[in-house]
Amino acid sequence: MNDIANQLNFNFDENFSIINYIINIIICGLLLFFLKIIYVRFGKAISNREQLSKVLIIVGVTTFIIISIVKSSLALSLGLVGALSIVRFRTAIKEPEELGYFFIAISIGLGLGANQLLPTLIGFVILITIIILLNKNKLNSAFSQNLLIRLQCKDEEKSAITEEISSIIKNHANQVEVKRIKYANEEINFNFLVNISSINTIQNINDELTKISNSIDITFVSNEI
């Protein structure tokens with residue numbers, strides 16, 4: 001009964017400061033929000049960066065909370081290691097850049113959760129400066145689009161047309177990811193995720209694709225929708 005009562009009381013550890021905790025978690029959130037902006041603006045991943053950037057904030061704040069809880073207890077730290085050993089991540093991270101930003105978010109949570117404000121701020125500023133310097137020439141130079149293509153063709157022509165369409169897109173796009181290809185009765189449907197440099201590139205792709213067939217239907221949709 002005494003153990004249960006001790007767990008239910010609201011007496012904090014003598015080294016715990018509510019004010020410091022609130023200040024640190026606010027600073028953690030602000031740094032992670034700034035990291036989100038940097039990732040969306042300077043990231044090169046062809047996947048939806050806007051969606052992934054929101055996960056960075058959740059991961060960083062969660063790390064902060066965990067470290068704040070376990071940092072003063074060896075038993076809790078060992079329990080955390082045991083709990084994490086049974087966690088399995090089923091979704092693979094496709095690009096190394098995404099992993100790098102996740103590590104930055106985790107580092108922010110670790111540093112501020114351990115009440116290491118100054119080292120965390122200094123490290124964060126240096127990292128962000130490096131990212132901006134490495135990508136300063138690519139600011140607003142590329143954007144992602146969903147490319148939807150529908151084309152009527154004979155079954156014996158599908159293989160050649162698929163190769164021709166893929167070749168045209170690869171020649172004009174910085175990056176290409178095939179999201180979906182559907183072969184129906186005398187019809188092909190494509191869904192590509194492409195990273196392109198300018199609006200003119202869209203026109204160039206459209207012009208070359210329309211040469212394949214007058215019946216081709218081409219649609220570009222923003223990747224952020």
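User: What makes the 20 residues around Leu 35, Leu 56, Tyr 101, Ile 108, Leu 112 and Ile 131 a nonpolar core?

Analyst: In this predicted model, Leu 35, Leu 56, Tyr 101, Ile 108, Leu 112 and Ile 131 touch the most other members of the largest nonpolar core, which has 20 residues. The name applies because a nonpolar core is a set of buried Ala, Val, Leu, Ile, Met, Phe, Trp, Tyr and Cys residues joined through side-chain atoms within 4.5 Å, where buried means under 20% relative accessible area, exposed over 50% and partly exposed in between, with a 1.4 Å probe and protein chains only. At least two residues of this core come from each of α2, α3 (49-70), α5 (96-113) and α6 (117-135), and α2 gives the most, with eight residues. A second, separate core of 19 residues includes Leu 147, Val 194, Ile 216 and Ile 218.

User: On what terms should these values be read?

Analyst: Residues are numbered from 1 along each chain as its sequence is written, and side-chain values use heavy atoms, with hydrogens and water left out. As this is a predicted model, local features need pLDDT of at least 70 and side-chain atom pairs count only at pLDDT 80 or more, while totals for chains, interfaces and linings use all residues.

User: Why is Asn 24 called buried or exposed?

Analyst: Asn 24 has a relative accessible area of 7%, and therefore it is called buried. Asn 24 is found in helix α2 (residues 18-42), where helices (H or I, at least four residues) and strands (E, at least two) are DSSP runs, numbered from the N terminus. Leaving aside neighbours within four places in sequence, Asn 24 is in contact (heavy atoms within 4.5 Å) with Phe 64, Leu 112 and Asn 115.

User: How do you know whether the length of α5 agrees with its expected span?

Analyst: The expected span of a helix is 1.5 Å times one less than its number of residues, so the 18 residues of α5 should span 26 Å, and the end C-alpha atoms of α5 are 26 Å apart, which agrees. The buried residues of α5, among them Tyr 101, Phe 102, Ala 105, Ile 108 and Leu 112, pack against α2, α3 and α6. Just after α5, Asn 115 takes a positive phi of about 65°.

User: What is Leu 56 in contact with, beyond its neighbours within four places in sequence?

Analyst: Leu 56 is in contact with Leu 32, Leu 35, Tyr 39, Tyr 101, Phe 102 and Ala 105.
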